[in-house]
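Subject: Structure handover

Hello,

Here is the structure I said I would pass on. Please look through it before reading the notes underneath.

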Amino acid sequence: MSRTGRVERVTKESSVLVEIDLDGTGRTEVATGVPFFDHMLDALGKHGSLDLVVRATGDTEIDAHHTVEDVAIVFGQALKQALGDKSGIRRFGDAWIPMDEALAQAVVDVSGRPYCVHTGEPDSMAGFVVGGNYPTVLNRHVFESIAFHAGIALHVRVTGGRDPHHITEAEYKAIARALRAATEPDARLAGGTASTKGVLES
């Protein structure tokens, strides 16, 4: 069964296309006009073993916010589409990722019930811009947007770090690894659902 998603979204602020294959090998094609965000999405695909296409244009001459937000929304929608009825998957996943001095944990429940908890980033990240194009204050908004539109519970926790680049990269890679674990087929379920209800909420 194909586990793919393809979603397009066009507004006055941006035009976004996202394609996801959950059973990919980490091939990525990403262009958003926000170079550091491209780097993070590339890491999300590679470490999540997702084949991922992201093409976006937006009013980045004003700010990265609209484009980054809209890509996160569409990514979440495409992920939800690719998950289908979620039968046969592990459902839960978690990962710890170090990036030099930084350490981040992500825990995922592909439950159909959207929720996001994001803690531990140092206060200095609220005013930091990586590479002159990606404000790290957007991290939480990205994670919340993905969780809400994909219908997943996502907890992201930073337990150490000084460099905003390292912290952000550890967070994205942890999410990628946790998603990979949660969405992988579990042979012991024999196509069933990892829920006492017999269904994961949609």
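The notes below go through the two sheets, the helices packed on them, the core and a few single residues.

This is a predicted model, in which local features need pLDDT of at least 70 and side-chain atom pairs count only at pLDDT 80 or more, while totals for chains, interfaces and linings use all residues. Residues are numbered from 1 along each chain as its sequence is written, and side-chain values use heavy atoms, with hydrogens and water left out.

First sheet

Four strands make an open sheet in the order β1-β2-β4-β3, with mixed pairing. Strands here are DSSP runs of E with at least two residues, helices are runs of H or I with at least four, and both are numbered from the N terminus. Two strands pair if DSSP finds at least two bridges between them. The edges are β1 (4–10) and β3 (28–31), each of which pairs on one side only. From one strand to the next, the twist averages 5 degrees. For this and the other angles, axes are lines fitted to C-alpha atoms, for helices over the stretch in contact, and angles run from 0 to 180 degrees between N-to-C directions.

Eight bridges join β2 (residues 14–21) to β4 (residues 51–58) in the antiparallel sense. Ser-14 is placed opposite Gly-58 of β4. Helix α1 (residues 35–48) packs on this sheet and touches β3 and β4, with its direction at about 160 degrees to that of β3. Contact means heavy atoms within 4.5 Å.

Helix α2 (residues 65–83) lies across β1, β2 and β4 and runs at about 145 degrees to β1. The end C-alpha atoms of α2 are 27 Å apart, which agrees with the 27 Å that its 19 residues should span at 1.5 Å a residue; the expected span is 1.5 Å times one less than the number of residues. Gly-84, just after α2, takes a positive phi of about 60 degrees.

Second sheet

The other open sheet also has four strands, in the order β5-β6-β10-β7, and its pairing is mixed. Its edge strands are β5 and β7, each pairing on one side only. The twist averages 10 degrees from one strand to the next.

β5 (residues 92–99) and β6 are antiparallel and share eight bridges. Among the facing pairs, Gly-93 stands opposite Val-108, and Ile-97 has Ala-104 as its bridge partner. The hairpin of β5 and β6 has two residues between the strands, and Asp-100 in it takes a positive phi near 55 degrees. Strand β6 (residues 102–109) has six of its eight residues buried, where buried means under 20% relative accessible area, exposed over 50% and partly exposed in between (1.4 Å probe, protein chains only). β6 is also joined to β10 (residues 153–160), antiparallel, by seven bridges. Asp-109 stands opposite Ala-153 in β10.

Helix α3 packs on this sheet, touching β7 and β10, and its direction makes about 160 degrees with that of β7. Helix α4 lies across β5, β6, β7 and β10, at about 150 degrees to β5.

Core

The largest nonpolar core has 56 residues, and those with the most contacts inside it are Val-18, Ile-20, Phe-37, Phe-75, Tyr-134 and Val-142. Such a core is a set of buried Ala, Val, Leu, Ile, Met, Phe, Trp, Tyr and Cys residues joined through side-chain atoms within 4.5 Å. Leaving out residues up to four places away in sequence, Val-142 touches Phe-37, Val-68, Ala-72, Tyr-134 and Tyr-172.

Single residues

Is Lys-173 buried or exposed? Lys-173 is in helix α4 (residues 164–183) and counts as buried, because its relative accessibility is 15%. Its side chain makes a polar contact of 2.9 Å with the side chain of Glu-169. A polar contact is a pair of N or O atoms within 3.5 Å; within protein, one must be able to donate a hydrogen and the other to accept it, and residues adjacent in sequence count only if both atoms are side-chain atoms. Beyond four places in sequence, Lys-173 touches Ala-43, His-47, Ile-97 and Met-99.

Phe-128, in the loop between β7 (115–119) and β8 (129–130), counts as partly exposed at 36% relative accessibility. Not counting residues up to four places away, Phe-128 touches Tyr-134, Pro-135, Thr-136 and Pro-164.

Regards
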